[in-house]
Every structure is written in structure tokens, then in C-alpha cells.
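Q: Please show me how to read the surroundings of a bound ligand and the empty space inside a protein.

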Amino acid sequence: MPEYKNIVILTGAGISAESGLATFRSSNGLWNNHPVEDVATVEAFQRNPAYVHDFYNELKKELVKAQPNPAHLAITKLQKEYPAKISVVTQNVDTLHEKAQNSNIYHIHGQINQAVCQNCGHIIETFGDVDTQTVCPNCQVMGMMKPNIVFFGENLLYMDKVDSLLRTCDLFLSIGTSGVVFPAAAFVQIAKINGAHTIEFNLEPTSNNYYFDQHIFGKAGTTLPAFIDELIKNNK
Ligand code: OAD
């Protein structure tokens, strides 16, 4: 294996599945039980903010209990033991990368433990409930806090930074994402046309098949640690 200098790791709900969290599009997935149009669009939040707050308050209770699994911990090991710049770009709103002490994490779809004031842009850390009565500690306006989750119809976060990471990486790993939500679904293409080696870790092939040089099928909690051990070993 060549020695890599810039590694980008894109993660999706599949990396958190072995921590007991439901993915979005599986048969018992979050979007089957809660239609996107009711809880994850700008219109839904404008129409019924109390309902949307309730949904994320409940989801938060579940997500904060979850613990990182061997796939998250393997990334920590890679970041400690492999001499490259290694960035984690995650679509997940859970905080399992943080709990595993990964570094250089970009939550492009937001994160469950934050709320953002729509009046002044102030972001608060919050592990408790947020609702239509919550007052922004910065501007003191009530009822303008929104879960810091990127809804369909909103721009993704950190995209300038992520774009430059994708254009300069020499290894791109995609872990546990179905590759159907853009723009994240196109990240592999950007990395590939800019010269990166691209590898997908998933239970099955995804719609982005064509741009991956390599597929590693199986549970990420098993396949990723094995791959990372090999990468570290070959570098010594
Ligand atoms: P999905 O639910 O669409 O896809 C999860 C993927 O993980 C699937 O391809 C599974 O095959 C795979 N998978 C499941 N368990 C796995 C395991 N143990 N090891 C490896 N792979 C496994 O979730 P995402 O692709 O993350 O957006 O969804 C992307 C976005 O759609 C989410 O961030 C969310 C949603 O709308 C927002 O909330 C803004």
C-alpha cells in the first residue's frame, strides 16, 4: 500500500449502526417511521416547530446514550498512529466520533447536541430539551432556536473546507452511507477525479459504485479496524 498524506473519511449512519442507532433507509429506519416532510424540511419547521423540536428532543435522548463502536475507535487509532492529515466528514448528527476522540471532525449535516438561533446565528450546546420557549442566551430572543440539523432545503455546513479536503486527499474512505443524499453522495467523485484512491465500506454495493476503486463488504465494526491495522502495519 502506498503511503498516504491526506486522508478523508466520509461517514454515514451505517458506522453508528453497531452502536445501536437506526440508519435512515433500512426497513425500520428513521425515515420510514417519521416521514422526512414532517421532521426534516425547512417547511416542516416553519409549519410546526413544536412538533419538530419534540422529534429531535426524543432523538437526542437516544443518541446521547449511544457509545462508539470499534469502527469509530479504529479512526482514533489511525489518527494517532498514521502520519497523515486525517479528516472525518460525517453526515451523522450523533456525537460518536467525538466520544471516540476522533479529531478534525466536520458535521456537514449538523449535530444533535446543538441549537442555532435563527435571529442572531448564535450556537448553543444542549443535551437537554430545546423548544419554542427557549431563549437565546446571546440575543435574548425567545422562540427562535432551531435544532442545529441541516434540513432538506438548507445548505450543508463546512462545504468550502470539505471541498478543499476532497480535492487534495489521496485516500478517500466512505463508510456506511447509502450515497443517495447529495452533495455528500458526490464526494467520492470529486476525490476520484482529483486522484484519490477511493474505498467503500458497506454491507452492500451502493449507487455510487462506479467511482470506488475498491469495495470492502461487511460490518464496519469488523472491516474498518482490520483495514486500518493493515494500513498502519504497512507504514511501519
Ligand atoms: P442511510 O440509512 O441512507 O444508509 C446507511 C448505509 O449504511 C446503508 O448503505 C447500509 O447498507 C449501510 N450499513 C448499515 N449497517 C452497516 C454496518 N454495520 N457497516 C457498514 N455499513 C452499514 O444513511 P446515510 O447514508 O447516512 O440527513 O444517509 C444520509 C443522510 O440521509 C443522513 O445524514 C440524513 C438522511 O436524510 C439528514 O438528516 C440531514
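A: Residues are sorted by class, with Ala, Val, Leu, Ile, Met, Phe, Trp, Tyr, Cys and Pro counted as nonpolar, Asp, Glu, Lys and Arg as charged, and the others, Gly among them, as polar. Here the shell around the ligand has nine nonpolar, 10 polar and four charged residues. This is a predicted model, in which local features need pLDDT of at least 70 and side-chain atom pairs count only at pLDDT 80 or more, while totals for chains, interfaces and linings use all residues. Residues are numbered from 1 along each chain as its sequence is written, and side-chain values use heavy atoms, with hydrogens and water left out.

Q: Which polar side-chain atom lies 2.9 Å from a nitrogen atom of the ligand?

A: A polar contact is a pair of N or O atoms within 3.5 Å. That side-chain atom belongs to Glu18, whereas an N or O atom in the side chain of His109 is 2.8 Å from a ligand oxygen. The protein buries 93% of the 790 Å² that the ligand exposes when taken alone, with accessible areas computed by the Shrake-Rupley method with a 1.4 Å probe.

Q: How many cavities of 30 Å³ or more does the structure hold?

A: Rolling a probe the size of a water molecule over the atoms shows where empty space is left. On a 1 Å grid over the protein atoms alone, a cavity is a set of points where a 1.4 Å probe fits but cannot get out, and a volume is the space filled by probe spheres set on the points. The structure holds four such cavities, and the largest has a volume of about 150 Å³.

How values were computed
Polar contact = N/O pair within 3.5 Å; in protein donor to acceptor, adjacent residues only side chain to side chain. 1 Å grid on protein atoms, 1.4 Å probe; cavity = no way out; pocket = protein on both sides within 12 Å on 5 of 7 lines; lining within 4 Å.
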